[in-house]
Amino acid sequence: MFYMFSGIILICSLLTITTRRILRAAVYLLCVLLATAGLYFMLKYQFMAAVQLTLYAGGIVVLIIFSILLTSHITHRFKHPDLVKLIMGVSTALVGGGLVIATILSHPFQTGTTSELPVNMTEIGNQLLSTGKNGYVLPFELISILLLAAMIAAIVIAKKDKNKNSEI
Amino acid sequence: MSSNIYDFSTLTGSIHTWLSGMMSSGWVIFTEMVLVGLIFLLMYALLGLFLVYLERKVCAIMQNRVGPNRVGKWGLLQTIADLIKLLLKELIPIRKSDALLFNLAPFIVIICSFLAMAALPYAKGLQAIDFNIGVFYIMAVSSLSVVGILLAGWASNSKYSLIGAMRSGAQIVSYELSVGLSLLAIVVFSGTMQLSGIIESQANGWWIFKGHIPAFISFVIFLIASTAEINRGPFDLAEAESELTAGFHTEYSGIKFAFFFLAEYMNMFIVAALGATIFLGGWMPFHVGNWEGFNQIMDYIPSVVWFFTKTFFIILIIMWFKWTFPRLRIDQLLTLEWKYLLPISLFNIVLIAFIVLMGWHF
């Protein structure tokens, strides 16, 4: 199962960046995210998997597809990139990937000896809002404020100017 | 208390031991997966066909007609005849469409409803997977089906389909919030997201009765919002026949169209089953507090019967909506969600949290 999921992730990631149709790229991205959720299910971390499904697959990809639907046409194809850009991009990716693989291979991994922790909803909730040790209340509140600011900004941008469009 | 309800896990357990006696553990898991898959496929097809029949009959009764009555007794075989017709129809390939995505879209929609069905508890001990985040899982999986609808609309390269898909996308994304919040209300009451845990917590009364008025409010919000989320009337803007011919599945024919059609009805079943499980106690018989004698009598009705009775009760309500209310306009639809349902459900959640904190519920 692991090889199947990682195979899907690898192939779909490659297809995402090589396809010339924008909506297909979004669909391949969706496949990558779904396979990642599958990996989380294999780890028996269902909460993370469901978060992955709701946020990334159900939320972000839907927004991406939505914006594609609004802006682009079905016959649109991306042009092939210049040779120079292609070589530069591929070489950057190769160097980066090589670094990551070299680090992983040089790190001595040991089989974990700690017992499996039950992922309890109550525990996650308490931890998220606790102010004590390992509590996440500060990042939680900061992210809330950031989201609020983003939402207000979106409303301000989308708001029509009453003086200019008085006929609406 | 509820000791004499038949527990299906004894049946599934005995099947498991019988299979384990014959083959190695890997093959047992494989065989069980295949068996469960086959049962779900069969149930999916039969329920889908029956729901289409039921819809036509209900619609006929509301409009003072007879409805299907020629094929089989009371027209019961009508939908099977329709299915055979759909299977024999030609699949028309659309030129200038994105063939890959065009063919993929019906499968995405149908796979999502299959995934959601897996986590539903049908009777005591009869549940394919019991996640500890069951409610959240079903929400997550059902939010994926909108991708299929959007792809279908875009890939068919037709104006009607595109407009239908856009409408449906806006509608599903916004009504998902209300569905989630109304389900969260009961999660706050019962203190767990596990579907079996939620049902066990209703052993002394269903949440719609135990949770005072806020639970009833969230039930009503759940009914409205989930009707919108499954694209049914009066919220069926995505396929408004009079404006968009058929919305996002205008260009589909034959069995691919049937997939969309079937998935729509099965989504209705899933939503109704979820509502029945969360608010009406799922397979839990009608119990009142500590009236032992009354509860004992109620336990004699099998849990499967309770589950399907409640589910079909909600399905009938949803059908009643469709055939009595006129279709909303898109701006009215979004106003209803963002200006009324969402603030009400947010306030409702705060209220429920307060009730639970003070321990005022039963």
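Mentor: Before we start, the bend at a residue is the angle between two fitted axes, one through the seven residues ending there and one through the seven starting there. Please also keep in mind that the model before us is predicted.

Trainee: With that angle in mind, at which residue does H4(B) bend?
Mentor: Helix H4 of chain B covers residues 99-118, and its 20 residues reach 30 Å from the first C-alpha to the last, close to the 28 Å expected at 1.5 Å a residue. Within this helix there is a bend of about 30 degrees, and a proline, B:Pro106, follows within four residues of the place, which is B:Ala105.

Trainee: Which helix of chain A helps to cover the buried residues of H4(B)?
Mentor: The buried residues of H4(B) include B:Leu101, B:Phe102, B:Ala105, B:Pro106 and B:Ile108. What covers the buried residues includes H2 (25-62), H5, H6 and H12 of chain B, and together with these, from chain A, helix H2 (22-42).

Trainee: How many residues does chain A bring to the contact with chain B?
Mentor: On the side of chain B, helices H4 (99-118), H5 (134-142), H6 (145-155) and H7 (159-190) each supply at least two residues. By class, that side has 20 nonpolar, 4 polar and 1 charged residues. Chain B gives 25 residues to the contact, while the number from chain A is 19.

Trainee: Which residues of chain A does B:Val147 touch?
Mentor: B:Val147 is one of three residues, with B:Leu151 and B:Ile186, that touch the most other members of the largest nonpolar core, which has 114 residues. Leaving out residues up to four places away in sequence, B:Val147 touches B:Ile108 and, in chain A, A:Leu30, A:Val61, A:Val62 and A:Ile65.

Trainee: Which helix gives the largest share of this core?
Mentor: In soluble globular proteins, nonpolar side chains tend to be buried together. Here the largest share of the core amounts to 17 residues, and these come from chain B, from the helix with residues 254-279, H12.

Trainee: Why does the length of H15(B) agree with what is expected of a helix, and how far apart are its end C-alpha atoms?
Mentor: The helix runs over residues 330-358 of chain B, which makes 29 residues. At 1.5 Å a residue the span should be 42 Å, and this agrees with the distance in the model, because the end C-alpha atoms are separated by 41 Å.

Trainee: By about how many degrees does H15(B) bend?
Mentor: The buried residues of this helix are B:Leu333, B:Glu337, B:Leu341, B:Ser345, B:Asn348 and B:Ile352, and they pack against H7 and helix H10 (212-229) of chain B. One of those buried residues, B:Leu341, is where the helix bends, with a proline, B:Pro343, following within four residues, and the angle is about 35 degrees.

Trainee: Is B:Phe235, which sits in a loop, buried or exposed?
Mentor: B:Phe235 lies in the loop between H10 and helix H11 (241-244) of chain B. Apart from neighbours within four places in sequence, it is in contact with B:Gln171, B:Thr227, B:Ala228, B:Leu328 and B:Leu333. A residue needs 20 or more other C-beta atoms within 10 Å to be called buried, and because B:Phe235 has 26 of them, it is buried.

Trainee: Which residue that is not a glycine has a positive phi of about 60 degrees?
Mentor: Most residues other than glycine have a negative phi. The residue in question lies in the loop between H2 and helix H3 (78-88) of chain B, and its positive phi of about 60 degrees belongs to B:Asn64.

Trainee: How many helices are there in chain A?
Mentor: Read along the sequence, chain A follows the pattern α-α-α-α-α-α, and buried residues make up 14% of its 168 residues. The count of strands is 0, and the number of helices is 6.

Trainee: How far apart are the C-alpha centres of the two domains of chain A?
Mentor: The domain assignment gives domain 1 as residues 1-79 and domain 2 as residues 121-160 of chain A. Between the C-alpha centres of these two domains, the distance is 25 Å.

Terms used: Residues are numbered from 1 along each chain as its sequence is written. Chains are lettered from A and ligands numbered from 1 in the order in which they are written. This is a predicted model: local features need pLDDT of at least 70, side-chain atom pairs count only at pLDDT 80 or more; totals for chains, interfaces and linings use all residues. Domain bounds come from an automatic or database domain assignment. Two residues are in contact if their C-beta atoms, placed from the backbone, lie within 7 Å. Ala, Val, Leu, Ile, Met, Phe, Trp, Tyr, Cys and Pro count as nonpolar, Asp, Glu, Lys and Arg as charged, and the others, Gly among them, as polar. A nonpolar core is a set of buried Ala, Val, Leu, Ile, Met, Phe, Trp, Tyr and Cys residues joined through C-beta atoms within 7 Å. A residue is buried if 20 or more other C-beta atoms lie within 10 Å of its own, exposed if 12 or fewer, and partly exposed in between; C-beta atoms are placed from the backbone. The expected span of a helix is 1.5 Å times one less than its number of residues.
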